[in-house]
Amino acid sequence: MSRLLLKDVRPYGEGEPVDVLVEGEVIAEIGANLEVDADEIVQAGGAVLLPGFVDLHTHLREPGREDAETVETGSSAAALGGYTAVFAMANTDPVADNAVIVEHVWRRGREVGLVDVHPVGAVTVGLKGEKLAELGTMRRSAAEVRVFSDDGHCVHDPLIMRRALEYTKSFGGVVAQHAEEPRLTVGAQAHEGANAARLGLAGWPAPAEEAIVARDCLLAGHTGGTLHVCHVSTSGTADILRWWKSRETAGQVSAEVTPHHLLLTDDRLETYDPVNKVNPPLRTDADVLALRQALADGTVDCVATDHAPHAAQDKDCEWSAAKPGMLGLQTALGIVVQTMVRSGLLDWRGVARVMSERPAEIGGLADQGRPVAVGEPANLVLVDPETEWTVRGAELASLGENSPFDGMQLPGRVVATMLRGRLTAHEGKVRR
Ligand SMILES: NC(=O)N[C@@H](CC(=O)O)C(=O)O
Ligand SMILES: [Zn+2]
Ligand SMILES: [Zn+2]
């Protein structure tokens, strides 16, 4: 059995440094100055030890757009970002709306072996919103799909949404909604507000998101189904979720916020650089502050990256022709440390909750987001909280280079990531 010794780590950033011995796939011992033989020793210098991060919202682009990302390159980005599990969205080409595609993505994830890749199944055939995909078949496939989403598109027909919540309830599934009332966002290019008006960009109004979130909370309550709200972007959505969670009696609702919606605003649109184009759009300062608060108080359950790599030709073009989406896996931690930890809104226990424990629970992963304790699976990340690094979009592991954080200095460097006791990333390099 392999033995990996982590020297001088601080679980959850608390107390004096200890050593952690990982034997095979589990944490075997935790204590001060462990005197043991090991195959490999990681000198951590007091770094923070957390459960490995879990991303409920990743776009891996395979099959179909392997020029933008593949399971392999996206898995590398995930491991380097501290992730031990990611959920790969269904808006590939062909769409992951059947067992063949989800099993392919799942198998590729296993072959690459850097991170557990859990395919998300489409809710409707071809993401068209017209008829339910074969949810049960995807559930029973080798990929054991549990999360379903038409992400990129909203399941806007309320009857289809109702049926999806009812049907997934029968096997403990989750419907992850991209909340966007399509009639209110025809041709939309930017947050509907003063900046979009001044720049001449068609607006994406906040109620297009909020109306769907309110409707879907009511449908989850009525059906007893389980709803997860993708990429919450407005303060109004946070208000609706807070209201719903205060009265929730049946059905369950969870929600995620992206790192970019915790940091960036539509003030960045000034340059018309499409690297800032994303769906839902960057919003206002007031929204950003409300989202940080909602994440801190649990109204929004977790951080999810919405990692959306695009090939150069889809981003290096005029604003209206560019595809929406931005890279996220390798910069998520830094942004969470900057916006939530340095501001005092979250401590490291809180970071573990929003980046690992809650997403693992929502996604139904029994072996992720577990406590850092003896006998637990060694899915772990080591974080150096102090050292700052400068983001270089072109140097990230993804094939796409569309990072809006390019040139920014971020805190919170990933020292090492471990998947079932094996180092998958160490000192900025992937280990295969
Ligand atoms: N977020 C985005 O702007 N784009 C995503 C789709 C999505 O998450 O809605 C994509 O697939 O590129
Ligand atoms: Zn989306
Ligand atoms: Zn997405």
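A salt bridge, as the term is used here, is a side-chain nitrogen of Lys or Arg within 4 Å of a carboxyl oxygen of Asp or Glu. Keep that in mind as we walk through this structure, which is a predicted model. Glutamate 361 and arginine 358 make a good first example: they form a salt bridge, with their closest N and O atoms 2.4 Å apart. Both residues sit in helix α12, which covers residues 348-363, and they are three residues apart, about one turn of the helix. That fits a general pattern: an α-helix has 3.6 residues a turn, so residues three or four places apart point the same way. As for arginine 358, a relative accessibility of 23% makes this residue partly exposed.

Let's stay with α12 for a moment. Just at its start, aspartate 347 has a side-chain oxygen that reaches to within 3.3 Å of the backbone nitrogen of arginine 349. Further along, the helix bends by about 40° at valine 354. How far apart are the end C-alpha atoms of α12? They are 21 Å apart, which agrees with the 22 Å that its 16 residues should span at 1.5 Å a residue. Many names come up if you look for buried residues in this helix, among them Trp348, Val351, Val354, Met355, Pro359 and Ile362. Right after α12 comes glycine 364, with a positive phi near 75°.

Now step back to the salt bridges. A search of the whole structure turns up 26 of them. One pairs glutamate 23 with arginine 3, and here the closest N and O atoms are 2.2 Å apart. Glutamate 23 belongs to strand β2 (residues 18-23) and arginine 3 to strand β1 (residues 3-11), so this pair ties together parts that are 20 residues apart in sequence. Glutamate 23 is partly exposed, at 23% relative accessible area, and arginine 3 is partly exposed too, at 25%.

Another salt bridge joins glutamate 111 to arginine 108, whose closest N and O atoms are 2.6 Å apart. These two are three residues apart in helix α2 (residues 99-112), a separation of about one helical turn. Glutamate 111 is exposed, with a relative accessible area of 52%, whereas arginine 108 is partly exposed, at 22%.

Next, the metals. Which residues coordinate the zinc ion (ligand 3)? They are His57 and His59, each through NE2, together with Asp151 and Asp306, each through OD, at 2.0 to 2.2 Å. Read along the chain, these donors follow the spacing H-x1-H-x91-D-x154-D. Histidine 57 lies in strand β5 (residues 53-58), while aspartate 151 is in the loop between β8 (147-148) and α4 (158-169), so the pair ties together parts that are 94 residues apart in sequence. Histidine 57 counts as buried, with 0% relative accessibility, and aspartate 151 counts as buried as well, at 3%.

Aspartate 151 deserves a second look, since this residue bridges the zinc ion (ligand 3) and the zinc ion (ligand 2), which lie 3.7 Å apart. For the zinc ion (ligand 2), the protein donors are Asp151 (OD), His178 (ND1) and His231 (NE2), at 2.0 to 2.1 Å. Their spacing along the chain is D-x26-H-x52-H. Both histidines come from loops: histidine 178 from the one between β9 (174-177) and β10 (190-191), and histidine 231 from the one between β12 (226-229) and α7 (235-247), so the pair ties together parts that are 53 residues apart in sequence. Histidine 178 and histidine 231 are buried.

Finally, the cysteines. How many disulfides does the structure hold? The count is zero. Take cysteine 217, which is in no disulfide: the nearest cysteine sulfur belongs to cysteine 154 and is 13 Å away. With a relative accessibility of 0%, cysteine 217 counts as buried. Cysteine 230 is in no disulfide either, and the nearest cysteine sulfur, from cysteine 302, is 9.6 Å away. A disulfide needs two cysteine sulfur atoms within 2.5 Å. Cysteine 230 is buried, with a relative accessible area of 2%.

Technical notes:
Residues numbered from 1 in each chain as written. Chains lettered and ligands numbered in written order. Predicted model: local features only at pLDDT ≥ 70, side-chain atom pairs only at ≥ 80, totals over all residues. Heavy atoms only, no water. Helix = DSSP H or I, 4+ residues; strand = E, 2+ residues; numbered from the N terminus. Buried < 20%, exposed > 50% of the residue type's maximum accessible area, 1.4 Å probe, protein only. Expected span 1.5 Å × (residues − 1). Bend = angle between axes of the 7 residues up to and from the residue. Polar contact = N/O pair within 3.5 Å; in protein donor to acceptor, adjacent residues only side chain to side chain. Donors = N, O, S within 2.8 Å, 3.2 Å for Na, K, Ca; no water.
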